[in-house]
Amino acid sequence: MALATAGGTAVAVQSRINGELGVRLADGIAAAVVSFGLGLLVLLVLVPTTASGRRGLAALRTALARGALRPWHCLGGVCGAFLVATQGLTIGTLGVAVFTVAVVAGQSGSSLLVDRAGVGPGGPQRVTASRLAGAVLTVLAVLIAVGDRLGDPGALVLAVLPLLAGVGIAWQQAVNGRVRAAAGSTMTATLVNFVVGTAALLAAFAVEVAVRGWPAGAAFPTEPWLYLGGPLGVSFIALAAALVGLTGVLLLGLATIAGQIVGAVLLDLLLPTAASSPGPATLIGAALTLVAVLVATLGPLRR
């Protein structure tokens, strides 16, 4: 759980990095392609050059051939790609804190359903009153956090994107856990995630360029830290794939949520941007999200 919390903090940092990269490139999808592509390059070096990575690729092929793993289990990267794209598209307007609270709301609700359906490697888990209450409180936290923006329809529409991205995160963590279990290798599962996600982003970027043309005024920034989003994503996806079989989707999500909320609020307070500077409503919403996490963990846990 401590590792999952640290992974959530890394996601908050990744959100700030990719959001800033999206502003610099004047295109959120282009920033997502750069982030995912760099993560993929790291994995293309690591996985084939390690014995465990090569064994994992062989085991993955065998599992797919025998039907022990379905092809759709390998599509978790699409949800990760959508999350990274929303970072670049919305954080410049919403700020990290509001973005993260919206993601958390979608993730909490969908984690309940994913666990109940048994999509993850841990099998079905029942929906308890405490878990349901935690999910409801999280949605309320989002409404409070964006309450000062109710008069800005554009900001509310943008908040829907990270909300939907959060819905996809729970499913992504579940299926990546299945890939990891079948391959016997965390890095192999992470590689599959990044291959699929990068392909989806490249397709989306190609359509965007065909419709709108090349982003005007786009220029690659020179600051090295703006290219750390991909490696941070590799770390988080690998952690999630390794831990989800032990914790279940909901508990993994709750721990990462705690890290995301704390990291996001600290970033907006200590390193504010023109879009951040969280007010009282955002801070109350973030605090209520942590309360929701606590409520959801109070119920009976899986042995």
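**Exercise 1. Determine how helices α2 and α4 pack against each other.**

Solution. The model is predicted; local features need pLDDT of at least 70, side-chain atom pairs count only at pLDDT 80 or more, and totals for chains, interfaces and linings use all residues. Residues are numbered from 1 along each chain as its sequence is written, and side-chain values use heavy atoms, with hydrogens and water left out.

Step 1. Helices are DSSP runs of H or I with at least four residues, strands are runs of E with at least two, and both are numbered from the N terminus. Axes are lines fitted to C-alpha atoms, for helices over the stretch in contact, and angles run from 0 to 180 degrees between N-to-C directions.

Step 2. The axes of α2 and α4 are 7 Å apart, and the helices pack at an angle of about 130 degrees. This angle makes α2 oblique to α4. The classes are as follows: under 35 degrees is roughly parallel, over 145 roughly antiparallel, 65 to 115 roughly perpendicular, and the rest oblique.

Step 3. The crossing of α2 and α4 is right-handed. A crossing has this hand if the near helix is turned clockwise from the far one by less than a right angle, and is left-handed if anticlockwise.

Step 4. Contact means heavy atoms within 4.5 Å. On the α2 side, Gly28, Ile29, Ala32, Ser35 and Phe36 take part; they meet Gly77, Gly80, Ala81, Val84, Ala85, Gly88 and Leu89 of α4.

**Exercise 2. Describe the packing of α2 and α8, and place Ala204.**

Solution. Step 1. The angle between α2 and α8 is about 150 degrees, and their axes lie 9 Å apart. Therefore α2 is roughly antiparallel to α8. Their crossing is left-handed.

Step 2. Ala204 belongs to helix α8. Its C-alpha atom is 9.4 Å from that of Val33, although the two residues are 171 residues apart along the chain.

Step 3. Ala204 has a relative accessible area of 32%, so it is partly exposed. Buried means under 20% relative accessible area, exposed over 50%, and partly exposed in between (1.4 Å probe, protein chains only).

**Exercise 3. Identify the residues with the most contacts inside the largest nonpolar core.**

Solution. Step 1. A nonpolar core is a set of buried Ala, Val, Leu, Ile, Met, Phe, Trp, Tyr and Cys residues joined through side-chain atoms within 4.5 Å.

Step 2. The largest core has 24 residues, and Leu21, Leu25, Phe36, Leu43, Phe194 and Leu201 have the most contacts inside it. At least two residues each come from α1 (2–25), α2 (28–46), α4 (76–94), α8 (186–212) and α9 (229–270). Helix α2 gives the largest share, nine residues.

Step 3. Apart from neighbours within four places in sequence, Leu201 contacts Ile29, Ala32, Val33, Phe36, Ala81 and Ala85. A second, separate core has 13 residues, including Leu250, Ile257, Ile261 and Ala296.

**Exercise 4. Decide how many disulfides the structure holds, and classify Cys74 and Cys79.**

Solution. Step 1. A disulfide is a pair of cysteine sulfur atoms within 2.5 Å. The structure holds zero disulfides.

Step 2. Cys74 is buried because its relative accessibility is 11%. Cys79 is also buried, at 17%.

**Exercise 5. State where Ala26 lies and what is notable about its phi.**

Solution. Step 1. Ala26 is found in the loop between α1 and α2. With a relative accessible area of 44%, Ala26 is partly exposed.

Step 2. Most residues other than glycine have a negative phi. Ala26 is not a glycine, yet its phi is positive, about 60 degrees.
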